[in-house]
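Below is a set of questions and answers about how particular descriptions of one structure are reached. The structure comes first, and the discussion follows.

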Amino acid sequence: MKILVVEDEPEILDLLETILVKNGYKVKRAVDGGEALDLFLDEKFDMVICDEMMPVLSGNDLVKEIRKEDQSIPIIMVTAKGSVYDKEISYGLGVDDYMVKPINYDELIMRIKAIARRSKIETSNIIKVGNVVLDNNSHSITNKKKKESITLTKTEFDILFKLLSYPEKIFSKWQLFNEFWGVSSDVDDDIVKVFISKIRKQIEPFPEIGIKTIMGVGYQGIRNDAQEG
């Protein structure tokens, strides 16, 4: 795996590179957001780890530019900014994880591995949770053992599939709205609540899966793999 690491503090950048290389990752360094964007546009990376407060281009601005080019590459924000507001902004722009400095580097490695696994899940057309199968081709949810099945609309299914693809991640209402309706939409972001409510009612027969509201933050997919029904 090749990781683009963006950090303007030399000591932290050196330490990040040393730890990542020690764990078998290839590393490309950048000391500001502008340099990082140039590298991203010129080379192929599997993941980006970036600071937020940087010269030339901030971490959030870098994320904006990356997401214009690639919606799927995993991005981890590592920053001293730790408020819920700061996290909501970065998650809303499309980061996959957020760590507040000083960080535990063993935990960073664990998160990298977890995100790499989840990114593979998202690119699949199928999610299996216990006896339940979500099929992205037919927008259907089926309990293979009980032989029960429902079909959702494309938007309903896509929202649920997104949440269940990243069960450890919390998506803000704005992030879901921006991805599935877009900022130029004629509806407002309250449409997200409406769709979440509709999805929850339809998946009630499938206790293996669910959507949890994280007050003040957003929504999280729940996968009860132990459920056998």
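Q: How many bridges join strand 6 to strand 7, and in which direction do the two strands run relative to each other?

A: In this predicted model, strand 6 and strand 7 (residues 132-135) are joined by 4 bridges and run antiparallel. Two strands pair if at least two bridges are found between them, so the 4 bridges of strand 6 and strand 7 qualify them as a pair. Within the pairing, valine 129 has valine 132 of strand 7 as its bridge partner. The hairpin of these strands has 2 residues between them, and there glycine 130 takes a positive phi near 60°.

Q: What makes strand 6 and strand 9 edge strands of their sheet?

A: The sheet is an open one of 4 strands, in the order 6-7-8-9 and with antiparallel pairing. Strand 6 and strand 9 (148-151) each have a single partner strand, so one side of each lacks a neighbour in the sheet, and that places them at the edges. From one strand to the next the twist averages 15°. Further into the order, strand 7 is joined to strand 8 (residues 140-143) by 4 bridges, again antiparallel, and valine 132 has asparagine 143 in strand 8 as its bridge partner.

Q: Which residues of strand 6 lie on its covered face, and which on its uncovered face?

A: Ile127 and Val129 make up the covered face of strand 6, while Ile126 and Lys128 make up the uncovered one. In a regular strand the side chains alternate between the two faces of the sheet. As for what lies across this part of the model, helix 6 crosses strand 6, strand 7 and strand 8, running at about 120° to strand 7.

Q: Why is helix 6 called oblique to helix 7?

A: The axes of helix 6 (residues 154-165) and helix 7 (residues 173-180) come within 11 Å and cross at roughly 130°. An angle between 115 and 145 degrees falls outside the parallel, perpendicular and antiparallel ranges, and helix 6 is therefore oblique to helix 7. The contact is made by Asp158, Ile159, Lys162 and Leu163 on the helix 6 side, and by Leu176, Glu179 and Phe180 on the helix 7 side. By class these residues are 4 nonpolar, no polar and 3 charged. The crossing itself is right-handed.

Q: Why is helix 6 described as roughly perpendicular to helix 8?

A: For helix 6 and helix 8 (residues 191-202), the axes come within 10 Å and cross at roughly 85°. Angles of 65 to 115 degrees count as roughly perpendicular, so helix 6 is given that description with respect to helix 8. Thr155, Glu156, Ile159, Leu160 and Leu163 of helix 6 meet Phe195, Ile196, Lys198, Ile199 and Gln202 of helix 8, a set that divides into 6 nonpolar, 2 polar and 2 charged residues.

Q: What makes helix 3 roughly parallel to helix 4?

A: Helix 3 (residues 59-69) packs against helix 4 at an angle of about 15°, with the axes 9 Å apart. Because angles under 35 degrees count as roughly parallel, helix 3 is roughly parallel to helix 4. Their crossing is left-handed, and the contact is made by Asn60, Val63, Lys64 and Arg67 of helix 3 together with Ile89, Ser90 and Leu93 of helix 4. These divide into 3 nonpolar, 2 polar and 2 charged residues.

Q: How do you know whether aspartate 158 counts as buried or exposed?

A: Aspartate 158, which is placed in helix 6, has a relative accessibility of 17%. Buried means under 20%, so aspartate 158 counts as buried. Apart from its neighbours within four places in sequence, aspartate 158 is in contact with Asn136 and Phe180.

Q: Why is glutamate 88 called partly exposed?

A: The relative accessible area of glutamate 88 is 35%. Buried requires a value under 20% and exposed a value over 50%, so glutamate 88, with 35%, is partly exposed. Glutamate 88 is found in helix 4 (residues 84-93), and its C-alpha atom is separated by 9.5 Å from that of glycine 216, 128 residues apart along the chain.

Notes. Residues numbered from 1 in each chain as written. Predicted model: local features only at pLDDT ≥ 70, side-chain atom pairs only at ≥ 80, totals over all residues. Heavy atoms only, no water. Axes fitted to C-alpha atoms, helices over the stretch in contact; angles between N-to-C directions. Left-handed = near helix turned anticlockwise from the far one by under 90°. Contact = heavy atoms within 4.5 Å. Nonpolar A, V, L, I, M, F, W, Y, C, P; charged D, E, K, R; others polar. Buried < 20%, exposed > 50% of the residue type's maximum accessible area, 1.4 Å probe, protein only.
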